[in-house]
Amino acid sequence: MNSTNPADPSTGATTPPAPPPSPGPVSPRKKPSRWGGCLPWVLIVGVLLAGFAIWQFPAFRARAELGAAYAARVGCSCRYVQGRSLESCQSDFEPGMEMVSLSEDPDTKTVIGSVPLLASRSARYAGASGCLLRPES
């Protein structure tokens with residue numbers, strides 16, 4: 001097969017090839033988003049997580065109160081009944097109580113157990129009765 005255009009029968013000259021058809025008006029291509037269309041999903045997940053945290057906050061606070069009270073009572077007994085240092089008393093805690101910290105007031109023989117931003121409870125040494133939790137205020 002010949003790749004040249006056939007000659008025009010009236011003039012004998014070859015005709016130039018026809019230009020390809022125009023695709024029409026060229027629309028600018030949309031730049032892909034940085035988030036790739038994930039922003040709505042990220043917002044939905046964020047709202048769901050915030051809702052879950054608000055819903056579960058009372059349970060988190062109750063656990064923190066319980067842990068702080070337990071730590072204060074055990075810490076007070078360890079410190080004032082057994083006579084150990086407050087640092088060694090923290091080794092008596094159950095696993096999972098790493099967030100609970102102890103502090104003491106030696107003048108009133110009180111140990112305070114606290115979970116940051118959630119709860120704080122105290123127990124006072126009462127002589128022969130041992131250590132008693134102070135009522136919540």
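**Salt bridges, sheet and core in the predicted model**

Arg 84 has a relative accessible area of 26% and is therefore classed as partly exposed, since this class lies between the buried limit of under 20% and the exposed limit of over 50%. The model described here is predicted. The salt-bridge partner of Arg 84 is Asp 92, and the closest N and O atoms of the two residues are 2.9 Å apart. Asp 92 likewise counts as partly exposed, at 32% relative accessibility.

In total, the structure contains two salt bridges. Side chains of opposite charge can pair when their charged atoms come close. The bridge not yet described is formed by the side chains of Arg 79 and Glu 104, with an N to O distance of 3.2 Å. This pair connects distant parts of the chain, as Arg 79 belongs to helix α1 and Glu 104 to strand β1, with 25 residues of separation. A relative accessible area of 25% places Arg 79 in the partly exposed class, and Glu 104 is also partly exposed, with a value of 29%.

The strands were examined next. An open sheet is built from four strands with antiparallel pairing, in the order β1-β2-β3-β4. The edge positions are taken by β1 (101–105) and β4 (131–133); each has a single partner strand, so one side of each has no neighbour in the sheet. From one strand to the next, the twist averages 25°.

Strands β1 and β2 run antiparallel and are joined by five bridges. Within this pairing, Glu 104 is positioned opposite Val 111 of β2; Glu 104 is thus described both by its place opposite Val 111 and by its salt bridge with Arg 79. The two strands form a hairpin with four residues between them, and Lys 109 in the turn adopts a positive phi of about 50°.

Strand β2 (residues 110–115) is also antiparallel to strand β3 (residues 119–125), and six bridges connect them. Ile 112 has Ser 122 in β3 as its bridge partner. The hairpin of β2 and β3 has three residues between the strands, and Leu 117 there shows a positive phi near 65°.

Helix α1, which covers residues 39–81, lies across β1, β2, β3 and β4. Relative to β3, the helix runs at about 25°.

The largest nonpolar core comprises 16 residues. The residues with the most contacts inside this core are Ala 71, Cys 76, Phe 93, Met 97, Val 100, Leu 102 and Val 111. At least two core residues come from each of α1, β2 and β3. The greatest contribution is that of α1, which provides six residues.

Contacts of Cys 76 were listed without residues up to four places away in sequence. On this basis, Cys 76 touches Val 81, Val 111, Ala 123, Arg 124, Tyr 125 and Cys 131. One of these, Val 111, is itself among the residues with the most contacts inside the core, and Val 111 is also the residue that stands opposite Glu 104.

Methods. Residues are numbered from 1 along each chain as its sequence is written. This is a predicted model: local features need pLDDT of at least 70, side-chain atom pairs count only at pLDDT 80 or more; totals for chains, interfaces and linings use all residues. Side-chain values use heavy atoms; hydrogens and water are left out. Two strands pair if DSSP finds at least two bridges between them. Axes are lines fitted to C-alpha atoms, for helices over the stretch in contact, and angles run from 0 to 180 degrees between N-to-C directions. Contact means heavy atoms within 4.5 Å. A salt bridge is a side-chain nitrogen of Lys or Arg within 4 Å of a carboxyl oxygen of Asp or Glu. Buried means under 20% relative accessible area, exposed over 50%, partly exposed in between (1.4 Å probe, protein chains only). A nonpolar core is a set of buried Ala, Val, Leu, Ile, Met, Phe, Trp, Tyr and Cys residues joined through side-chain atoms within 4.5 Å.
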